[in-house]
Amino acid sequence: MVGIGDDSMDQSQLIVEASNGSRRALARLLTLIQQGDQECIDSVLSFSSVKSIGITGPPGVGKSCLTDCLAKIFADKGERIGVLCIDPSSPISGGSLLGDRMRMEQSGVHDRIYVRSVATRNSHGSMPLRLKAMISALSMAGMDRILVETVGVGQTEIGIVSMTDSILLVDGPDRGDIVQAEKAGLLELADVVVVNKGDLPGSEQAAANIRSGLALGPASNVPVLIVSALNRTGINELVEALENIQLRASVEIVKWRHRLSSAIMDELVSNPSFDSTVDDLAEGRISIEQAIQRIIRQ
Ligand SMILES: Nc1nc2c(ncn2[C@@H]2O[C@H](COP(=O)(O)OP(=O)(O)OP(=O)(O)O)[C@@H](O)[C@H]2O)c(=O)[nH]1
Ligand SMILES: [Mg+2]
């Protein structure tokens with residue numbers, strides 16, 4: 001049994017309530033998934049998911065402002081939008097991120113937008129699978145589209161954004177971080193790239209650099225747009241680009257590779273003998289080959 005407020009209900013009741021539109025039940029369900037409750041995760045993963053967009057990029061480029069703009073546009077068209085803000089810096093018990101709430105000004109007051117911050121600092125392993133389950137839970141609760149904001153352009157973020165159907169990579173006018181995204185393999189997964197803060201100098205140049213980087217590879221058709229979340233310019237073109245994303249077979253294979261390897265990692269790290277095996281390795285009692293064999297056998 002799990003408590004929500006004064007009530008308490010078991011996981012299956014919680015799922016029924018959340019599907020019937022109870023925001024409290026949905027919030028509780030998302031908390032349980034975030035904490036790794038396997039029964040909830042397994043139950044919601046059996047629901048099919050609506051379209052999800054991963055919005056990622058280096059810190060401070062305006063992802064939250066842009067997510068807020070996009071959520072409002074989709075919601076104004078009548079869609080119900082779920083927004084997940086993945087926050088690697090705050091502890092899992094920390095709840096919502098004040099900063100993101102503040103930058104999600106429009107989403108916060110729109111009754112068709114549901115915003116949830118997901119703190120990941122103290123979560124052990126398995127974030128990608130939990131994120132997948134959260135997307136399913138939001139779909140089950142009646143959302144028509146899910147936006148997932150995640151910070152960073154490294155391997156961990158690739159594991160997370162690979163769980164979404166399409167990826168919007170955001171950069172700013174004065175950053176070289178896109179080079180990191182390219183090195184990590186994130187650029188080749190992006191379905192749309194935007195240079196935000198188009199109101200500031202340097203954005204044309206940044207977009208030209210990204211276009212020339214893409215031109216040589218398989219992602220040469222990927223749109224690179226200049227937008228300003230602040231002045232709301234270029235946003236309609238961005239929405240159009242997001243609506244017209246063509247799935248690319250080569251990218252789908254790479255995404256499934258990330259999804260599968262994340263799922264395998266989750267499985268291995270949550271193995272009951274994982275921690276004791278690490279201790280045995282550190283103490284020199286077993287070799288790495290023996291460690292692998294032990295975990296696989298279990
Ligand atoms: N000039 C200008 N500033 C912007 C624009 N979009 C966002 N900002 C500002 O950039 C700062 C960061 O915006 P956020 O939306 O929080 O950026 P973020 O990428 O979500 O940041 P993290 O989640 O911390 O990585 C804020 O001060 C915004 O007001 C824009 O289009 N133009
Ligand atoms: Mg943000």
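Start by selecting Ser-12 and Val-16: these exposed residues sit on the face of helix H1 that is turned away from its buried side. Keep in mind as you click around that this is a predicted model.

Now colour the rest of H1, which covers residues 11-19. Which of its residues are buried? Leu-14, Ile-15, Glu-17 and Ala-18 are. Look down the axis of H1 and you will find these buried residues within an arc of 165°, so they line one face of the helix. The general rule helps here: an α-helix has 3.6 residues a turn, so residues three or four places apart point the same way. Step past the end of H1 to Gly-21, where phi is positive, near 100°.

**On to the sheet**

Next, show the strands as a cartoon. You should be able to trace an open sheet of 7 strands with parallel pairing, in the order E5-E4-E6-E3-E7-E8-E9. Strands E5 (113-119) and E9 (224-226) are the edges; each has a single partner strand, so one side of each lacks a neighbour in the sheet. Turn the view to see the twist: on average, neighbouring strands are rotated by 20° against each other, ignoring direction.

Zoom in on the E9 edge. Strand E8 (residues 192-195) runs parallel to E9, and 3 bridges join the two. To see one pairing, select Val-195 and its bridge partner in E9, Ile-226.

With the sheet still on screen, add helix H4. This helix packs on the sheet, touching E3 (51-57), E4 (81-87), E5, E6 (145-151) and E7 (166-171), and its direction makes about 175° with that of E6. Then bring in helix H7, residues 127-140, which also packs on the sheet. H7 touches E3, E4, E5 and E6, with its direction at about 150° to that of E6.

Swing across to the E5 edge. E4 and E5 run parallel and are joined by 7 bridges; pick Val-83 and you will find its bridge partner, Val-115, in E5. Is E5 enclosed or open? Of its 7 residues, 6 are buried, so E5 is largely enclosed by the rest of the structure.

**Last stop: ligand 1**

Finally, centre the view on ligand 1 and display the 16 residues around it. Those that come nearest are Gly-62, Lys-63, Ser-64, Cys-65 and Leu-230. Which element gives the most to this shell? Helix H4 (residues 63-76) does, with 3 residues. Colour the shell by residue type and you will see 7 nonpolar, 5 polar and 4 charged residues.

Methods. Residues are numbered from 1 along each chain as its sequence is written. Chains are lettered from A and ligands numbered from 1 in the order in which they are written. This is a predicted model: local features need pLDDT of at least 70, side-chain atom pairs count only at pLDDT 80 or more; totals for chains, interfaces and linings use all residues. A residue is near a molecule or strand if its C-beta atom, placed from the backbone, lies within 6 Å of it. Helices (H or I, at least four residues) and strands (E, at least two) are DSSP runs, numbered from the N terminus. Ala, Val, Leu, Ile, Met, Phe, Trp, Tyr, Cys and Pro count as nonpolar, Asp, Glu, Lys and Arg as charged, and the others, Gly among them, as polar. Two strands pair if DSSP finds at least two bridges between them. Axes are lines fitted to C-alpha atoms, for helices over the stretch in contact, and angles run from 0 to 180 degrees between N-to-C directions. Two residues are in contact if their C-beta atoms, placed from the backbone, lie within 7 Å. A residue is buried if 20 or more other C-beta atoms lie within 10 Å of its own, exposed if 12 or fewer, and partly exposed in between; C-beta atoms are placed from the backbone. The arc is that of the directions from the helix axis to the C-beta atoms.
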